[in-house]
Amino acid sequence: MADTIKKIATRESYGNALKELAEEFPQLVVLDADLAAATKTGIFKKAYPERHIDCGIAECNMVGIAAGLASVGKIPFVSSFAMFAAGRAYEQVRNSVGYPHLNVKIGATHAGITVGEDGATHQCNEDLALMRTIPGMVVMCPSDDVEAKAAVRAALEYEGPVYIRFGRAAVPVINDRPDYKFEIGKGTVVREGKDVTIVATGICVDSALGAAEKLAAEGISAEVVNICTIKPLDEEIVINSARKTGKVVTVEEHSVIGGLGSAVCDCLCAKLPTPVKKLGMQDVFGESGSAAALVAKYGLDAEGVYKSVKEFL
Amino acid sequence: MCRQGGRQKEETMNNLELKKHANDVRKGIVTAVHSAKAGHPGGSLSAADMFTFLYFEEMNIDPKNPKKEDRDRFVLSKGHTAPGLYSALANRGYFPVEDLTTLRKLGSYLQGHPCVHIPGVDMSSGSLGQGISAAVGMALGGKLDNRDFRVYTVLGDGELEEGQVWEASMFAGHRKLDNLCVIVDNNNLQIDGPIDQVCSPYPIDKKFEAFNFHVINIDAHDFDQIRSALKEARETKGMPTCIVMHSLKGKGVSFMENSVDWHGKAPNDEEYAVAMADLDKIAEELEKEGQA
């Protein structure tokens, strides 16, 4: 069964989407910092070499250049690993892009522990937290190929700064259905349930669905909410589900400090106090290993989520 | 005399007129910082002649239409010297000179550091090293779309200690951005003391040459040299230009000149009176020079 599921890394979706949208958005230019092969902007570069700007290994300057390009009417997509785009260049994103609210898009790949073997220096588990703190910044974390491409399009249609997080590892395509619609700031109930809500983002949506399947086998009905836009959060969908189930578990391939879990708690503690369990990196650095082994070790695969939800109930 | 077209006009302003405008810009700086009880007068005054020349003669801009599509762009990379930029903008007609006294006050549009919501400000700046990157991006955008605007950015000499300056310079040299003019205000002083004692960026000119810039050294307070350097920058093709302008921090106000104490401090009422008397005296001398 597992072998028949189509898998694709969202960084691949990113590169493909950039190329597919290039004609429709003539002002789109793509910036990279010597990682075009890895971030997959190389796909765009091959088709539109004159619109691909390699800034060399200098991410802070790259973000500043993007700010300047946006101020004269271009729509720059800045690409690097999440660690460098959101981490190293944080202050440039804040001051040169966020503060003047410029139309810069940041496509950050290799986020989270599924970077794998490169280890903790390259596994960014803090980007969503960092980007969330910048006023006016849209923060997205797509769950699969379909959502990743839709998020790139939505970012180009939107006027203002956007951060999108992509992964290195191939992940199952879960949103491939005819009625699929994407909107910035809108979550989706991907499975209905009544006993517990699992709010997940990015590659953890698939884990949440797997966990819900295991829970169902034991008579526990879990509702799964896919939150692609961490900011602005779809508060309505979170509150409605929490009201229905009375218990919420959040799942993200990110620190439990500042990301999806915190966003959900910020919302619920103000509007509908509900017990919440946050799954993610529990204030620790990652380590080297295969993506699958790391996801299992840190309890973010279907089995891990299943166990945590059981403990919580 | 109003010059809507900046450098595109054939006539040029004579040096006496420029000196008068620069003196007004300096009065605006001192008045704004005094009113705010905070701010950075030293580096605003050292770059005042350049601000004046850029806005009154060099740049293709229109104060009545600050967002004019084909305007030349300016980024104040050393954003803490916002009083100098604001005073030049106000004196050039972007907004009322009287508003300079609202600098840094709650509710004022004149923020402590440049912000894109201010008429005439093309880029928010102030975190050192970031403005030059934005200027490089603007210049690149101009090249990509075959537009003919030019981009100017002023950096502090202490700012050259920021690594991002050299990332941006490497890129600008590599991309041969000849529509970019980087101006370094070399007044030799930063907060902690003389730049060559804190962490020397010297030789500044040779460094920019090594990053594939055309480099021109000038006296920052000589309008003939400013004019000719900016003309040379405009005529230099195939590489960006860096103008290293050797300046006097606090220029024009006797007790602020070449004093590191006045990097980021406001004059009290007594000091303000002395400063304005200094500038009034210069104004009188310029009037006499005009009559002679």
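**Exercise 1. Find the ring under the charged end of Lys265(B), and a second case of this kind in chain B.**

Step 1. The charged end of Lys265(B) lies over the ring of Trp262(B), 4.3 Å from its centre. A charge sits over a ring if NZ of Lys or CZ of Arg is within 6 Å of the ring centre and within 35 degrees of the ring normal.

Step 2. Arg73(B) lies over the face of Phe149(B), with 4.5 Å to the ring centre.

Before going on: this is a predicted model, in which local features need pLDDT of at least 70 and side-chain atom pairs count only at pLDDT 80 or more, while totals for chains, interfaces and linings use all residues. Residues are numbered from 1 along each chain as its sequence is written, chains are lettered from A and ligands numbered from 1 in the order in which they are written, and side-chain values use heavy atoms, with hydrogens and water left out.

**Exercise 2. Count the aromatic pairs over all chains and describe the one formed by Trp166(B) and Phe211(B).**

Step 1. Rings of Phe, Tyr and Trp (its six-membered ring) pair if their centres lie within 6.5 Å; planes under 30 degrees apart count as stacked, over 60 as edge-to-face and the rest as tilted. The count over all chains is 13 aromatic pairs.

Step 2. Trp166(B) and Phe211(B) are 5.0 Å apart centre to centre, with 45° between the planes, and the pair is tilted. The two residues are 45 apart in sequence: Trp166(B) belongs to helix α6 (residues 163-174), Phe211(B) to the loop between α8 (204-210) and β6 (214-219) of chain B. Helices (H or I, at least four residues) and strands (E, at least two) are DSSP runs, numbered from the N terminus.

Step 3. Trp166(B) is buried at 14% relative accessible area, whereas Phe211(B), at 21%, is partly exposed. Buried means under 20% relative accessible area, exposed over 50%, partly exposed in between (1.4 Å probe, protein chains only).

Step 4. Elsewhere in chain B, ring pairs join Phe51(B), Tyr55(B), Phe74(B) and Tyr94(B) into a cluster.

**Exercise 3. Locate the salt bridge between Asp185(B) and Lys78(B), and state whether its partners are buried or exposed.**

Step 1. A salt bridge is a side-chain nitrogen of Lys or Arg within 4 Å of a carboxyl oxygen of Asp or Glu. In this pair the closest N and O atoms are 2.6 Å apart.

Step 2. Asp185(B) is in strand β3 (residues 180-186) and Lys78(B) in the loop between β1 (73-76) and α4 (82-92), 107 residues apart.

Step 3. Asp185(B) has 0% relative accessibility and counts as buried; Lys78(B), at 2%, is also buried.

**Exercise 4. Trace the salt bridge between Glu218(A) and Lys310(A).**

Step 1. The closest N and O atoms of Glu218(A) and Lys310(A) are 2.6 Å apart. Glu218(A) lies in the loop between α9 and β11 and Lys310(A) in helix α13 (residues 302-312), so the bridge ties together parts 92 residues apart in sequence.

Step 2. Glu218(A) is partly exposed at 39%, and Lys310(A) is partly exposed at 38%.

**Exercise 5. Explain why Cys141(A) is not bonded to Cys228(A).**

Step 1. A disulfide is a pair of cysteine sulfur atoms within 2.5 Å.

Step 2. The closest cysteine sulfur to that of Cys141(A) is in Cys228(A), 6.9 Å away, which is too far for a bond. Cys141(A) is buried, at 4% relative accessible area.

Step 3. The count over all chains is 0 disulfides.
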